[in-house]
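These are my notes on the model, set out as numbered points for discussion. Please read them with the coordinates open.

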Amino acid sequence: MRTRRRGMVLMRWKLVEWMRVGGCGNGRESVLRWRGRWGMGVGGVLVVEGPAGIGKTRLLREARVLASGAGLKVLSARGTTLERGFAFGVVRQLFEPVLTSADKAEREALWEGPAGQARQVFGHVDPSAPSVGDFAVLHGLFWLAANASQSRPVLLLVDDLQWCDVPSLRFLAYLRPRVADLPLLVVAGLRSGEPVADASLLLQLTADPTVQVLRPAPLSRHVARQLLERALPAGMDLEVAEACHRVTGGNPLLLQELARTAAAEGFPAGGAGLQQLEDLAVEAVGGLVAARMARLPAATLEVARAAAVLGDGAPLRTTAALAGQEPTAALEAATALEELDVLHLDQDPDGAYRLGFVHPLVRTAVYRGISPTNRARAHRHTADLLTASGTDPERVAAHLLRVPPSGDQKSVALLRAAAGQAIARGAPGNAYTYLNRALHEPPASQDRLQVLTGAGESALLVNYETAAEHLQHALQETDAPAQRARISARLGMAYMYLMQGDRAMGVWSRALAQLPAEAVDQRYRLEAEQLMAAAFVVPGHQNVLRREAELRKRMQGDSSVGVMLLDCAVALRGLAVGDPSAILFARHALSTDTLIRQAAGNASIMGGWYVLLCADDDLAMASTLAAVQQAHRDGSLYALGPAYTFHGYGWLLRGQLAEAEHDLREAVSVADLIGAEIARYYPYVFLAMSLAEQGRLEEAERILATVGAAADSRPSGPAYFALAALARIQAAQGNPEAALKTALAARDVCRTYDIRNPALVGWRTEAALALYALDRSREALEIATEDLALARRWGAPRALGRALRVNGLLAGRGDGLDLLHQAVTVLEASPARLEHATALTDYGAALRRAGNRVQARPFLRQGLDLATRCGARPLADRAGTELTAAGGRPRTTVLTGPDALTPSERRVAELAAQGHTNKQIAQQLFVTPKTVEVHLSAAYRKLDITTRSQLLDKLPHQL
């Protein structure tokens with residue numbers, strides 16, 4: 001392992017230093033930051049960004065040489081405009097060579113564990129086979145990369161990242177935060193100023209502070225002169241070199257093309273050639289290449305154009321067929337093009353030739369030299385050739401996308417087959433592209449509804465506006481009530497993701513009005529969506545809320561999926577108004593894993609989780625954990641995001657702040673991959689709440705700002721959580737005026753949604769404490785008293801204990817001490833450890849101020865220990881200060897023993913004690929091997945042991 005890490009560090013240092021010396025213009029500071037961040041040998045990401053022709057590809061080529069010399073395994077790929085629509089095209093370029101060259105044992109090792117989930121990315125896919133979820137594929141590819149780096153470190157080289165297909169880009173974005181845990185480097189070339197298929201994904205990959213971005217500088221005059229001297233005729237004077245450098249801006253590719261074209265032109269040497277060089281240099285690379293190509297024989301030019309249509313890596317035989325030539329003649333033409341620095345010829349292990357261009361700009365120049373009509377004809381011919389040879393439908397579809405629609409039903413069938421393959425590979429965006437193109441062909445009338453619906457459902461995972469447009473058209477294509485209900489459910493979801501809640505409510509209402517009486521389950525599902533939205537997201541729909549009582553009566557005795565979803569929605573409405581009967585509805589819906597298996601990702605399930613979490617019910621954590629595990633098995637990003645969000649929120653309410661942060665960061669990562677604003681809101685807000693409890697206020701404030709909650713702005717929509725969290729942060733920063741203003745803003749939003757329950761949104765707590773800090777005690781007590789009455793009605797320990805504590809703080813001595821003691825008692829047996837630690841600290845501090853220093857100490861000591869275990873540093877610091885003031889001695893050593901383990905540390909330790917390897921544990925818990933190492937190290941330290949075998953003695957009751 002040490003040798004592997006040394007090789008990675010050496011490679012990084014040489015690569016960045018070479019780039020700096022070679023003219024990257026980043027200075028030594030960038031190099032030192034690179035070396036400092038990765039000096040321990042962990043993985044990382046480097047992006048070389050710059051304009052076309054600046055030398056990015058040359059630098060990546062040097063990276064390959066350096067990596068090979070340092071003992072790394074190099075896997076490379078290149079994005080192309082032609083294959084941008086081909087799902088996982090870049091991923092396949094990276095891993096197919098290593099999979100193909102491996103023997104049987106090596107191949108099985110590569111596919112070991114969750115990596116097998118990515119098998120369908122490679123090779124032919126049967127569209128009728130069960131599809132693989134998008135997350136399952138990403139997770140499988142991560143483990144494929146991990147397995148590939150098992151024997152020696154790996155360098156993933158990706159050139160022309162701007163043309164990377166979206167599924168591959170999503171994989172790289174998924175890999176980025178996890179690459180530090182692997183002996184793996186990612187080095188990518190990115191052309192600046194180019195449109196990309198998904199800018200948000202690219203931003204995730206390049207804007208992260210852990211990613212090193214290097215921007216090569218233009219060539220100096222001296223280097224430019226050396227380059228020109230090698231390429232141009234003798235006798236060129238300094239004035240000519242200066243003119244070339246000035247006009248090209250020191251761009252290496254443009255200088256090279258200028259030199260080649262100028263040499264071909266045979267211009268006079270010396271000053272007489274100055275004007276001619278300047279005229280040539282004004283041309284872009286395309287013009288220079290076109291000038292050279294114009295002199296080629298027609299047959300040679302046809303081969304170049306055929307290669308441009310087929311794209312890099314085109315087989316010589318296919319190129320010859322497209323050019324209308326025999327393979328031998330095409331090879332001679334390709335050799336001539338190689339001598340002219342237009343193409344390069346490569347040979348497969350079986351001896352077959354493949355053609356590639358020396359630079360994408362050269363291919364673009366050749367491609368644009370073909371008339372639009374001939375281009376379309378060539379792509380049509382290519383599609384026919386590839387179809388006849390049994391080529392993967394997606395590769396054929398890449399060419400059909402460039403052919404004008406003509407009503408060809410064979411093209412429709414092929415595009416639909418390609419869409420089926422893309423879905424099976426976990427690439428719904430590509431499926432949408434193919435189906436959308438099929439709609440323009442167009443399909444036969446009897447197939448139109450199916451293609452429309454498929455396009456809309458695929459787009460739901462990619463672009464909600466497009467999804468809504470297609471689903472709306474699909475809705476207009478059918479009068480069948482059951483079919484309209486299914487389409488309406490998805491259309492309403494699209495509108496909800498677009499934050500157009502009123503439109504969603506209208507779609508659902510119309511579908512409900514048209515459903516026949518026998519479609520009971522569909523009716524319940526739609527009513528659950530409506531009630532959930534009206535109660536929590538879309539205010540003003542009192543007509544929907546008023547149906548709750550009627551729905552409760554209708555649902556009795558029914559246990560269908562639709563009823564259980566409606567149970568969750570009814571429970572959420574009950575939670576909002578503080579009706580404790582809501583808990584029974586939520587438990588009925590979630591006491592089994594039926595919804596998690598059959599309706600994963602449905603928004604109504606989240607309503608049930610909210611209720612049970614706010615009720616301090618242990619079923620909430622069991623259900624959300626089961627949902628995380630099921631989402632991993634199904635491989636669904638849309639189910640995994642909410643599951644991690646609410647499991648993390650459960651850890652937060654229980655005071656397990658490290659666990660909460662881990663799960664919520666996973667949820668944030670998933671939300672970023674999905675890209676919907678509504679999917680980001682809850683995990684971002686809950687993460688900010690967790691960070692604030694740890695004392696990381698500035699970081700928490702920045703995260704809230706990303707969802708629009710800041711001192712000078714208010715988010716739209718269901719902003720109650722964000723505003724309540726911001727008020728708490730402002731109070732912790734010593735700004736009660738701002739905290740009060742923000743808490744009252746949260747109150748106004750809660751009133752809009754008729755949210756009264758303090759267990760759901762604790763704005764009254766923040767407002768009362770802020771008023772008290774501003775010496776407005778009477779107003780503070782009025783709000784706190786109302787909060788206590790509502791908490792008593794709901795009855796859950798966390799909300800009740802908090803309300804008792806706040807009332808105790810405001811009441812002062814006498815009644816105040818009694819209320820604080822009640823808070824401690826109520827919370828003692830609850831899972832709300834952080835709230836319990838806060839009550840213990842406040843009660844102990846109140847006892848100390850009342851002169852009962854000895855009596856205060858055990859409460860303060862217990863509060864300190866509990867806050868420390870929770871990871872709530874500000875609270876632990878306050879408890880320690882109070883304990884010192886009470887004459888006690890704060891704990892000076894780190895907490896140890898089995899009870900000091902976090903839940904994650906305990907799970908890892910138990911699996912390790914059972915004999916599982918770190919890799920097996922990582923795969924079972926859906927974390928990285930590095931995370932397992934960190935948890936095991938912490939467990940060893942807390943248990944005061946040094947080996948796995950000692951775990952059996954320390955955790956015998958768990959095994």
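1. I begin with the loop between helix H21 (428-440) and helix H22 (445-459), which is where Pro-442 is placed. The model is a predicted one, and in it the peptide bond that joins Glu-441 and Pro-442 is cis, with omega at about -5°. Most peptide bonds are trans, and most residues other than glycine have a negative phi. The bond between Glu-441 and Pro-442 is thus one place to look at in the backbone, and two aspartates with positive phi are taken up in the next point.

2. Asp-160, a residue other than glycine, has a positive phi near 55°, and its place is in the loop between strand E3 (154-159) and helix H7 (166-175). Asp-775 is likewise not a glycine, yet its phi is positive at about 60°; this residue sits in the loop between H40 and helix H41 (777-794). Are these two residues buried or exposed? Asp-160 counts as buried because its relative accessibility is 3%, whereas Asp-775, at 69% relative accessibility, counts as exposed.

3. For the chain as a whole, the model contains 50 helices and 8 strands. Of the 959 residues in the chain, 57% are buried. Among contacts in the chain with a separation of 6 or more, 67% are between residues 24 or more positions apart.

4. Helix H39 (residues 736-753) and helix H40 (residues 763-773), the second of which precedes the loop that holds Asp-775, have axes that come within 8 Å and cross at roughly 150°. How are H39 and H40 oriented to each other, roughly parallel or roughly antiparallel? Angles over 145 degrees count as roughly antiparallel, and H39 and H40 are therefore roughly antiparallel to each other. The crossing in which H39 passes H40 is left-handed.

5. The residues that H39 brings to this contact are Pro-736, Ala-739, Leu-740, Ala-743, Leu-744, Ala-746, Arg-747 and Cys-750, and they meet Trp-763, Glu-766, Ala-767, Ala-770, Leu-771 and Ala-773 in H40. By class, the residues of the contact of H39 with H40 comprise 12 nonpolar and 2 charged, with no polar residue.

6. A second helix pair worth inspecting is H32 with helix H33 (residues 618-634), which pack at an angle of about 145° with their axes 8 Å apart. On the H32 side the contact is made by Trp-609, Leu-612 and Leu-613, and on the H33 side by Leu-619, Ala-620, Met-621, Ser-623, Thr-624 and Ala-627. The residues of the contact of H32 with H33 divide into 7 nonpolar and 2 polar, with no charged residue.

7. Val-628 also has its place in helix H33, and it counts as buried because its relative accessibility is 5%. Leaving out residues up to four places away in sequence, Val-628 touches Leu-640, Ala-643, Tyr-644 and His-647. The C-alpha atoms of Val-628 and Ile-596 are separated by 9.3 Å, and these two residues are 32 residues apart along the chain.

8. The whole structure has 25 aromatic pairs. One of them joins Tyr-610 and Tyr-682 in an edge-to-face arrangement, 6.2 Å centre to centre and with 70° between the planes. Tyr-610 lies in helix H32 (residues 603-614) and Tyr-682 in helix H36 (residues 677-693), so the pair ties together parts that are 72 residues apart in sequence. Tyr-610 and Tyr-682 are both buried, and both belong to one aromatic cluster, whose other members are Phe-536, Trp-609, Phe-646, Tyr-649, Tyr-681, Phe-686, Tyr-720, Phe-721 and Tyr-753.

9. Two further side chains deserve a check. Arg-798, in helix H42 (residues 797-811), counts as buried because its relative accessibility is 8%. Apart from neighbours within four places in sequence, Arg-798 is in contact with Cys-614, Asp-616, Leu-653, Ala-759, Leu-827, Ala-832 and Glu-835. His-935, in helix H49 (residues 929-943), has 19% relative accessibility and so counts as buried, the cut-off being under 20%. With residues up to four places away in sequence not counted, His-935 touches Ser-904, Glu-905 and Val-908.

How values were computed:
Residues are numbered from 1 along each chain as its sequence is written. This is a predicted model: local features need pLDDT of at least 70, side-chain atom pairs count only at pLDDT 80 or more; totals for chains, interfaces and linings use all residues. Side-chain values use heavy atoms; hydrogens and water are left out. Axes are lines fitted to C-alpha atoms, for helices over the stretch in contact, and angles run from 0 to 180 degrees between N-to-C directions. Helices (H or I, at least four residues) and strands (E, at least two) are DSSP runs, numbered from the N terminus. Angles under 35 degrees count as roughly parallel, over 145 as roughly antiparallel, 65 to 115 as roughly perpendicular and the rest as oblique. A crossing is left-handed if the near helix is turned anticlockwise from the far one by less than a right angle, and right-handed if clockwise. Contact means heavy atoms within 4.5 Å. Ala, Val, Leu, Ile, Met, Phe, Trp, Tyr, Cys and Pro count as nonpolar, Asp, Glu, Lys and Arg as charged, and the others, Gly among them, as polar. Rings of Phe, Tyr and Trp (its six-membered ring) pair if their centres lie within 6.5 Å; planes under 30 degrees apart count as stacked, over 60 as edge-to-face and the rest as tilted. Buried means under 20% relative accessible area, exposed over 50%, partly exposed in between (1.4 Å probe, protein chains only).
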